[in-house]
Amino acid sequence: MLGIEFRIPEMDFEGQKLAEILQYVILGVFGIAGFIWGYICESFQQTFYVVAAGSLVASLVVMPPWPIFRKNSLPFHPAEKLEKKVTLGKGKASKKKN
């Protein structure tokens, strides 16, 4: 529409691996910190809040395709154009490839 093209960049395989590792680290750190904070405050609610904040931080870090996750993109080969020419007749159909 109106000649505007919006393309969302995609993560590569190495970026997906890095995002997964970051997710585990962030959730682990916030989980341990939440457990310790909840133990100190003697409140499971405080533990929940810290872990929920960790989930939000992990989502903001991992879900968008940041440039750090797109460093090793795979090269794609150009598409090949195949032209098929079929003739009708008694014999077999001949195909010509340029």
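1. Surface. The protein chain exposes about 9,200 Å². Carbon and sulfur atoms supply 65% of that area. The model is predicted, and every value in this note is computed from it. Of the 98 residues of the chain, 11% count as buried.

2. Fold content. The chain holds 2 helices and 0 strands. Helix 1 covers residues 13-41. Helix 2 covers 44-62. Of the contacts with a separation of 6 or more, 56% join residues that are 24 or more positions apart. The points below give examples of such pairs, including Asp12 with Phe69, which stand 57 residues apart along the chain.

3. Helix 1, length. This helix has 29 residues. From its first C-alpha to its last it reaches 42 Å. That is close to the 42 Å expected at 1.5 Å a residue.

4. Helix 1, buried side. Which residues of helix 1 are buried? They are Gly15, Ala19, Ile26, Gly34 and Gly38. The buried residues of this helix pack against helix 2. Several of these positions can be read against helix geometry. An α-helix has 3.6 residues a turn, so residues three or four places apart point the same way. Gly34 and Gly38 both belong to the buried set, and both are touched by Thr47.

5. Thr47, the partner in helix 2. Thr47 is found in helix 2. Its relative accessibility is 15%, under the 20% cut-off, so Thr47 counts as buried. Not counting residues up to four places away in sequence, Thr47 touches Gly34, Phe35 and Gly38. Phe35 also takes part in a nonpolar surface patch, which is the next point.

6. Nonpolar patch. Ile32, Phe35, Ile36, Trp37 and Ile40 make a nonpolar surface patch. Its area is about 560 Å². Ile40 lies in helix 1. How accessible is Ile40? Its relative accessibility is 58%, so Ile40 counts as exposed. The cut-off for exposed is over 50%. A reviewer may want to view this patch beside the buried set of helix 1, which includes Gly34 and Gly38.

7. The loop between the helices. Glu42 sits in the loop between helix 1 and helix 2. Helix 1 is followed by this residue. Phi of Glu42 is near 55°, a positive value in a residue other than glycine. Is Glu42 buried or exposed? At 74% relative accessibility, Glu42 counts as exposed. The backbone here deserves a look in the viewer.

8. Aromatic pair. The structure holds 1 aromatic pair. The rings are those of Phe48 and Tyr49. Their centres are 6.3 Å apart. Their planes meet at 55°, so the pair is tilted. A pair is called edge-to-face over 60 degrees and stacked under 30, so 55° falls in the tilted class. Tyr49 has 46% relative accessibility and therefore counts as partly exposed.

9. Leu56. This residue lies in helix 2. Its relative accessibility is 55%, so Leu56 counts as exposed. The C-alpha atoms of Leu56 and Leu27 are separated by 9.6 Å. Along the chain the two are 29 residues apart.

10. Asp12, before helix 1. Asp12 is found in the segment before helix 1. Is Asp12 buried or exposed? Its relative accessibility is 8%, so Asp12 counts as buried. Leaving aside neighbours within four places in sequence, Asp12 is in contact with Phe69, Arg70, Lys71, Asn72 and Ser73. The C-alpha atoms of Asp12 and Phe69 are separated by 6.6 Å.

11. Asn72, after helix 2. Asn72 lies in the segment after helix 2. At 45% relative accessibility, Asn72 counts as partly exposed. Which residues does Asn72 contact, leaving aside neighbours within four places in sequence? They are Asp12 and Glu14. The C-alpha atoms of Asn72 and Met11 are separated by 8.8 Å. Those two residues are 61 residues apart along the chain.

12. Taken together. The segment before helix 1 meets the segment after helix 2 through Asp12 and Asn72, which are in contact. Helix 1 packs its buried residues against helix 2.

Note on methods. Residues numbered from 1 in each chain as written. Predicted model: local features only at pLDDT ≥ 70, side-chain atom pairs only at ≥ 80, totals over all residues. Heavy atoms only, no water. Patch = residues over 30% accessible without salt bridge, like charges linked within 9 Å, V, L, I, M, F, W, Y side chains within 5 Å. Areas by Shrake-Rupley, 256 points an atom, 1.4 Å probe, with all protein chains shown as cover. Salt bridge = Lys/Arg side-chain N within 4 Å of Asp/Glu carboxyl O. Helix = DSSP H or I, 4+ residues; strand = E, 2+ residues; numbered from the N terminus. Buried < 20%, exposed > 50% of the residue type's maximum accessible area, 1.4 Å probe, protein only. Phe/Tyr/Trp six-rings, centres within 6.5 Å; stacked < 30°, edge-to-face > 60°. Contact = heavy atoms within 4.5 Å. Expected span 1.5 Å × (residues − 1).
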